[in-house]
Amino acid sequence: GGGARLAVQIASGLMPWMALREALEGSAAVLHEHRWIRRSRVPPQLLVARLVLVTSPRALVGLLVVALAVAASGAWPPLGNWLWPVAALVLQLMATYGLGLGLSPLATLYPDLRPSLVSLLTLLTFASPILYPDSAATGPLRLVLECNPFTHLLRLYRSPLQPRGTGDHLLSLAFGAGAAVLALVAGRALARRLWWRARDRL
């Protein structure tokens, strides 16, 4: 029924989003919470990587929700269709790691960034098709959704359940890949530039 479809819609979007949000909020506090890193030879990047890996099972739960919904529908898609959600998961992990690398020294140097990050992520929850279907967005909201990389990841996550044309999937893949590479490059650049200043603040 409609209630079940809505539940699947929300769960399949909310779980990957929770993984991303928890990893980013954790990255913003990770150096402050691990001051010992200042006197250690452990690369701070490992702290961010650990956060990303620890939170990733939430995204896997989202994939499981999609798989169960597809199984319940009785219309199992071709095996190749499952490559899209796997690609979405990989791209999300890459982007989250890159953003976390940049956030960890930035939030150490500028502690006021942490509450601002929470507010921004809350706002982005409603700027992503998590709590409502993609098709419900019109006008300016549609433009916001199309420019939001997480929208494209969600389309890939949900593709076995809500199939689109191969061209649409490739477009979402390219958009997600571009955002992930940009996050990695920018995050690594910020980490290299700010790490020593952030370490002195610990």
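A salt bridge is a side-chain nitrogen of Lys or Arg within 4 Å of a carboxyl oxygen of Asp or Glu. The structure analysed here is a predicted model, in which local features need pLDDT of at least 70, side-chain atom pairs count only at pLDDT 80 or more, and totals for chains, interfaces and linings use all residues. Residues are numbered from 1 along each chain as its sequence is written, and side-chain values use heavy atoms, with hydrogens and water left out.

Side chains of opposite charge can pair when their charged atoms come close. The model holds 8 salt bridges. One of them joins the side chains of Asp134 and Arg164, with an N to O distance of 3.2 Å. Asp134 sits in the loop between helix 4 (113–126) and helix 5 (140–147), and Arg164 in the loop between helix 6 and helix 7, so the pair ties together parts 30 residues apart in sequence. Helices (H or I, at least four residues) are DSSP runs numbered from the N terminus. Asp134 is buried, at 11% relative accessible area. Arg164 is partly exposed, at 36%. For these classes, buried means under 20% relative accessible area, exposed means over 50%, and partly exposed lies in between (1.4 Å probe, protein chains only).

A second salt bridge links Arg142 to Glu146, with the closest N and O atoms 2.9 Å apart. The two residues are 4 apart in helix 5, which means a separation of about one helical turn. Arg142 is partly exposed, with a relative accessibility of 25%. Glu146 is also partly exposed, at 27%. Glu146 forms a further salt bridge with Arg155, where the closest N and O atoms are 2.6 Å apart. Arg155 is buried, with a relative accessible area of 10%. Asp134, Arg142, Glu146, Arg155 and Arg164 are linked in a network of salt bridges.

Internal space was examined next. Rolling a probe the size of a water molecule over the atoms shows where empty space is left. On a 1 Å grid over the protein atoms alone, a cavity is a set of points where a 1.4 Å probe fits but cannot get out. A pocket is an open set with protein on both sides within 12 Å along at least five of seven lines, and lining residues have an atom within 4 Å of a point. Grid points are joined across faces, edges and corners, and a volume is the space filled by probe spheres set on the points.

The count is 1 cavity of 30 Å³ or more. The largest cavity has a volume of about 40 Å³. Its lining consists of Ala19, Leu20, Ala23, Val52, Thr55, Ser56, Gln92, Leu93 and Thr96. Helix 1, helix 2 and helix 3 (83–109) are the elements that each give two or more residues to this lining. By class, the lining has 5 nonpolar, 4 polar and no charged residues. Here Ala, Val, Leu, Ile, Met, Phe, Trp, Tyr, Cys and Pro count as nonpolar, Asp, Glu, Lys and Arg as charged, and the others, Gly among them, as polar.

The largest pocket encloses about 440 Å³. Of its 22 lining residues, Leu20, Ala95, Leu99, Pro149 and Ala179 are the closest to the centre. Helix 1, helix 3, helix 4, helix 6 (149–157) and helix 7 (166–201) each supply at least two residues of the lining. Helix 7 gives the most, with 6 residues. The lining of the largest pocket divides into 19 nonpolar, 3 polar and no charged residues.

On the surface, Trp36, Val42 and Leu46 make a nonpolar patch of about 270 Å². Patches are made of residues with over 30% relative accessible area and no salt bridge; like charges are joined within 9 Å and nonpolar side chains (Val, Leu, Ile, Met, Phe, Trp, Tyr) within 5 Å. Accessible areas come from the Shrake-Rupley method with a 1.4 Å probe, and for residues only the protein chains shown count as cover. Trp36 lies in the loop between helix 1 (2–33) and helix 2 (44–73). Trp36 is partly exposed, at 39% relative accessible area.

Two pairs distant along the chain were also examined. Gln162 is placed in the loop between helix 6 and helix 7. Gln162 is partly exposed, at 37%. The C-alpha atoms of Gln162 and Val66 are 9.5 Å apart, although 96 residues separate them along the chain. Arg197 belongs to helix 7. Arg197 is partly exposed, at 45% relative accessibility. The C-alpha atoms of Arg197 and Thr108 are separated by 9.2 Å, with their positions 89 residues apart along the chain.
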